[in-house]
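Reader: I am new to this structure and should like to understand the terms applied to it. Would you kindly take me through the reasoning behind them?

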Amino acid sequence: MKTLKCDLCDVTASGETFEEWMKALYPHYAEAHPEIMQDPTKTKEDGERWVQENKVRFDAAPHDA
């Protein structure tokens, strides 16, 4: 299991896989950062870039002790 901070604040989410971590982070993101999720100027490419950048963060994070 890995635990990482949100990329925008200090709230953490945990998951065995990147996909589980994203699923665990989603409710926080929707509640605390709706302006990011609902930004009409964000493109599909922006979302793909977010996934790529955060997958790198997840892969580099140590497993919880």
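**Charges and burial**

Author: On the surface, Glu16, Glu19, Glu20 and Asp64 gather in a patch of negative charge. The model is a predicted one.

Reader: What makes Glu19 exposed?

Author: Glu19 has a relative accessible area of 51%. Exposed means over 50%, so Glu19 is called exposed. Its place is in helix H1, residues 18-32.

Reader: Why is Asn54 called buried?

Author: The relative accessibility of Asn54 is 3%. Buried means under 20%, and therefore Asn54 counts as buried. Asn54 belongs to helix H3, residues 44-60. A polar atom of its side chain lies 2.9 Å from the backbone oxygen of Trp50.

Reader: How do you know that Arg49 and Asp46 form a salt bridge?

Author: Their side chains meet at 2.5 Å, N to O. The rule asks for a side-chain nitrogen of Lys or Arg within 4 Å of a carboxyl oxygen of Asp or Glu, so the pair qualifies. Arg49 and Asp46 are three residues apart in helix H3, about one helical turn.

Reader: Why is Asp46 called partly exposed?

Author: Asp46 has 23% relative accessibility. Partly exposed lies between the limits of 20% and 50%, so the term applies to Asp46.

Reader: How many salt bridges are there by this rule?

Author: The count comes to four. Among them is the bridge between Lys55 and Asp59, at 3.1 Å from N to O. Lys55 and Asp59 are four residues apart in helix H3, about one helical turn.

Technical notes:
Residues numbered from 1 in each chain as written. Predicted model: local features only at pLDDT ≥ 70, side-chain atom pairs only at ≥ 80, totals over all residues. Heavy atoms only, no water. Patch = residues over 30% accessible without salt bridge, like charges linked within 9 Å, V, L, I, M, F, W, Y side chains within 5 Å. Areas by Shrake-Rupley, 256 points an atom, 1.4 Å probe, with all protein chains shown as cover. Lys, Arg positive; Asp, Glu negative; His and termini not counted. Charge placed at Lys NZ, Arg CZ, Asp CG, Glu CD. Helix = DSSP H or I, 4+ residues; strand = E, 2+ residues; numbered from the N terminus. Buried < 20%, exposed > 50% of the residue type's maximum accessible area, 1.4 Å probe, protein only. Polar contact = N/O pair within 3.5 Å; in protein donor to acceptor, adjacent residues only side chain to side chain.
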